[in-house]
Amino acid sequence: MRKPTINRYSILSLLAPVFGFVTAMIILLIIVIAIGKNPGEAVAAILRMTTSSASRFGTVVSQAIPLYIAGIAVAFAFKGGVFNIGVEGQYFVGGLVGAIAGIYLKLPSIIHIPVVVLFAMAGGALWAAIPAYLKVKRGVHEVITTIMFNNIAIYLVNYLVNVPLSGFTGGESLEPQTKAIQSTALFGKLNGFFQALGWKIGNHVYLDYSLIVAIVMGFIVWFVLFKTRYGFDVRAVGTALDASHFAGIRIGRVQIGTFLMSGALAGLIGLQEIFAIRGYYTYEIAAGVGFDGIAIALIGRNNPIGVVFAALLFSFLKQAGYGLQLYVGIANSVSYVITGLMILIIVIANEVMTRYIRRLRRQEAG
Amino acid sequence: MSLLEMKDITKVFPGVVANDHVSFDLQKGEVHALVGENGAGKTTLMKILYGLYGPDEGSISINDSVVQIANPRDAIRKGIGMVHQHFMLVPVFTVTENIVLGEENRYADYSTSSRAASPLRAIMKWLVLDTHGARDRIQELMDKNQLVVDPDAPVEELSVGLQQRVEILKILFRGAEILVFDEPTAVLTPQEVRDLFETFRELKAQGKGIIFISHKLDEVLDIADRITVVRRGKVIKTMPRKGATKAGIAELMVGKPVLLDVDNPPASPGDVVLQVEHVSLRDERGTSVLHDVSFEIHAGEIYGVAGVEGNGQSELVRAIADRVPLDDGNIRLAGQDVKALDVRQRREAGIAHIPEDRHRFGLLMPFSLADNMSLGRHHRPPFVNRFQMVQTREVHRFAREAIAEFDVRTPSEDVPALALSGGNQQKAIIAREMSGKPSLLLASQPTRGVDIGAQEFIYKQIIAAKKEGIAILLVSADLDEIMSLSDRVGVIYKGRIIKTFDIKDTSKEQVGFYMMGEEENAEADN
């Protein structure tokens, strides 16, 4: 008797994002019609760009990797009730610290790669540490400090890349950048492995070691949150501060830990771009991924498994936008509008569904 | 002619029939008590009357003509006034300002501008605050109803009883004929209750009708002319006071006989467990909230703290349960100074805590009952293994046992805490706190918002704890609860324990007298 009702609730709560997605797609088509394009062509363009070939779908997965890491970084913080808006800054700093380890340390590859991953995590955690300290010990709200620290981070890496760490050689690229990362630290691709499994992705698609990092981190986050005492404390503090306090949970410690963990994860967002794609660090690495992480965490309900789908959805929408632009001539800004609408609708649908389930449960309990 | 008649009112919320063909009427010059457990449908019925919900079926008539009540403003216009359980007053405003709020210029005459052209007068009426006429009207209402309050005192400086008078004046000022009181006595001392009932009699004499919602059956039997009992959305019975008994009403409310008298044997106190020594404490703004508080509690003894809410009870409990920076004094548990210990260390030293606000302080509402049952000990074996991994099976096994032992009514231990009724939530907290084998139990408002059945159970548990030799600090706004459970009573007033009684040497009236802070008068009387 017990199990089926639990499943019924899970199914109901999974329906919310599906409902949001479908609604947003309908709105997309209405917009397409409104600007005088053929909706059939639009759908075809979206499918062509995202799922028409193994490589196209591989690209969706590839672009989802940094989005996923950003999503779990934010989700972990949100689970613990810490509003880490500073994932963006932690990503910039973490990436740079990882790159420094990749440029200046001389190690064999099998050690060098884990070392740059750990340095990137340390860099992100370091950048989260000051807002964490200010929140817990001084009561300064983290939303303010982390936003400030985002700006500081951006100008700090700008300075570091331009002056002390500059590797600009006047060669083919005018982009300010560091020296090249040593080959022992570069991330190889897993494409051969997937091709051997029968997935015919092209060699230009980046399915690199950062995919492994993302999967491992996703598992760790899930395990910590749901299987350990510490994760219970994180969730408890994120749910009810006062009740946690009176249960003897040491709130300050839990919040500092949450913040550092979130920052450490954020430090990993740039791995793919820095170590697999570019091979050097520049402050021109993709901006805004940290902020995308907020929306992704929200849609994935701060759950490391939900965030997988949310990150894929985001990546899908990005590619769909390119498809509309390329094949139908619809401005990319339209697809940004759709993305925004979809987030809004899914969040609303989530909230409505959560309340509905709560009411059902209340009635069941009498 | 009925002043008010609510006929066959039905209100369905998805899956719940909150009111099922409820009929209720009120005559002029009558106090009609509405009693029932939490969730029985009293509040829904009153919200319908006040225009907050529309009924699905049924009709409301005032003075025999059918009316539609669209919203609270409409209800007020039709002569319905409500004194809410939580006062709706602006603390920094004066009594007069609070009474006229929203109706500021109702009695304005603008005599100074009487020669002005009428359009100007209309603008003035809209623009310029003139409470002179209102002041006269308020004075008249105060005199007529013996509701004396200083009209220029800021409301925040008034006692709870006086604030309630302001609420009553507010609705009378708006011309209420039907007065609804939602648990008005919950926050009052016995003396203030007597004054309130005096006002009720005065209002009755003027032909007004009063709906009195209460849990306290003694008071219902004292003041009501008729009593209506609701249970599960239905009217079970409407009866005259004559012939009604407390046990009879309780049985109608619950649906089965209820043991109202607490079987509480005298304490056989053991060693001293808790010593509070000269404790003084300030809040964040630097205001003194506890001043030189000292008392001891022995093993197997219930020490009750009586007082009007907001006199330092919450802070006192917090100072014992939590590490707060004391201005002065010591807190000892079994002789050991616990000042430096944080919540976790105090719990481990043997302090259990039933917090005053269970939703905020006691439970992780969206978490499962199972998680909530081990909360506070969840960091120790058997709930975690040595790698600090949660042992879900143990958590569930423990929860199932505790649910059975403490009679928590729930479909399973997987249900989130927020899905349970107040009484069952409170039972879960008590189960959790008692299973830690404490030496001291802090019970703060242990039966607030729980129904009679759960109340009976909670009293039994507290008394059982006492028999086991646990020292118990009981804080309650319900003086009856303090009187029937405590072995000794300390009266707290403005952060001081102004008097301590042995329960057998005192009476409810005497304790209530001190709760008003009238220590000096009492000294003079003795």
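Of the 526 residues in chain B of this predicted model, 46% count as buried. For a chain of 526 residues, a compact globule would have a radius of gyration near 24 Å, and chain B comes in at 26 Å, so the two agree. The C-alpha trace of chain B spans about 85 × 55 × 50 Å along its principal axes. If you look at contacts with a separation of 6 or more, 68% of them in chain B link residues 24 or more positions apart. As for secondary structure, chain B has 19 helices and 20 strands.

**Two domains in chain B**

Chain B splits into domain 1 (4-79 + 177-254) and domain 2 (272-359 + 439-525). Their centres, taken over C-alpha atoms, sit 34 Å apart. Where they meet, domain 1 of chain B puts in ten residues and domain 2 of chain B puts in 14 residues. On the domain 1 side, α7 (190-205) and α9 (246-254) of chain B each supply at least two residues. The largest share of that side comes from α9(B), with three residues. By residue type, the domain 1 side divides into six nonpolar, three polar and one charged.

**A four-strand sheet and the helix on it**

Now for an open sheet in chain B, with four strands in the order β12-β11-β14-β15 and antiparallel pairing. Which strands stand at the edges? They are β12 and β15 (336-337) of chain B; each has a single partner strand, so one side of each is left without a neighbour in the sheet. On the β15(B) side, two bridges join that strand to β14 (residues 328-333) of chain B, and the two run antiparallel. B:Arg332 has B:Asp337 in β15(B) as its bridge partner. Helix α10(B) packs on this sheet, touching β11, β12 and β14 of chain B, and its direction makes about 60° with that of β12(B). That helix, residues 313-321, is mostly covered, with eight of its nine residues buried. Among the buried ones are B:Leu316, B:Val317 and B:Ile320, but also B:Glu315 and B:Arg318.

Over at the other edge, β11 (residues 272-282) and β12 (residues 288-298) of chain B pair in the antiparallel sense over seven bridges. Within that pair, B:Gln275 stands opposite B:Glu296 in β12(B). The β11(B)-β12(B) hairpin has five residues between its strands, and there B:Gly286 takes a positive phi near 90°.

**Backbone oddities**

Most residues other than glycine have a negative phi, and most peptide bonds are trans. Here are a few spots to check against that background, glycine included for comparison.

| Residue or bond | Backbone feature | Value |
|---|---|---|
| B:Gly286 | positive phi | near 90° |
| A:Asn302 | positive phi, not a glycine | about 55° |
| B:Ala334 | positive phi, not a glycine | about 50° |
| B:Pro381 to B:Pro382 | cis peptide bond, omega | near 5° |

Where do these sit? A:Asn302 lies in the loop between α13 (289-299) and α14 (304-328) of chain A. A:Asn302 has 22 other C-beta atoms within 10 Å, so this loop residue counts as buried. B:Ala334 takes its place in the loop between β14 and β15 of chain B. With 16 other C-beta atoms within 10 Å, B:Ala334 is partly exposed. As for the cis bond, B:Pro382 is found in the loop between α13 (369-374) and α14 (392-405) of chain B.

**A glutamate on the inside**

Is B:Glu167 buried or exposed? B:Glu167 has 21 other C-beta atoms within 10 Å, and the cut-off for buried is 20 or more, so B:Glu167 is buried. This residue belongs to helix α6 (residues 160-173) of chain B. Leaving out residues up to four places away in sequence, B:Glu167 touches B:Val83, B:Phe87 and B:Leu89. The C-alpha atoms of B:Glu167 and B:Met82 are separated by 8.5 Å, although the two are 85 residues apart along the chain.

**Where chain A meets chain B**

Finally, the contact between the chains takes 24 residues from chain A and 34 residues from chain B. On the chain A side, α1 (2-34), α9 (229-239), α10 (241-246) and α15 (332-365) each supply at least two residues. The largest share of that side, seven residues, comes from α15(A). Sorted by type, the chain A residues that touch chain B divide into nine nonpolar, five polar and ten charged.

Note on methods:
Residues are numbered from 1 along each chain as its sequence is written. Chains are lettered from A and ligands numbered from 1 in the order in which they are written. This is a predicted model: local features need pLDDT of at least 70, side-chain atom pairs count only at pLDDT 80 or more; totals for chains, interfaces and linings use all residues. Two strands pair if DSSP finds at least two bridges between them. A residue is buried if 20 or more other C-beta atoms lie within 10 Å of its own, exposed if 12 or fewer, and partly exposed in between; C-beta atoms are placed from the backbone. Two residues are in contact if their C-beta atoms, placed from the backbone, lie within 7 Å. Ala, Val, Leu, Ile, Met, Phe, Trp, Tyr, Cys and Pro count as nonpolar, Asp, Glu, Lys and Arg as charged, and the others, Gly among them, as polar. Axes are lines fitted to C-alpha atoms, for helices over the stretch in contact, and angles run from 0 to 180 degrees between N-to-C directions. The radius of gyration is taken over C-alpha atoms; the globule rule is 2.2 Å times the number of residues to the power 0.38. Domain bounds come from an automatic or database domain assignment.
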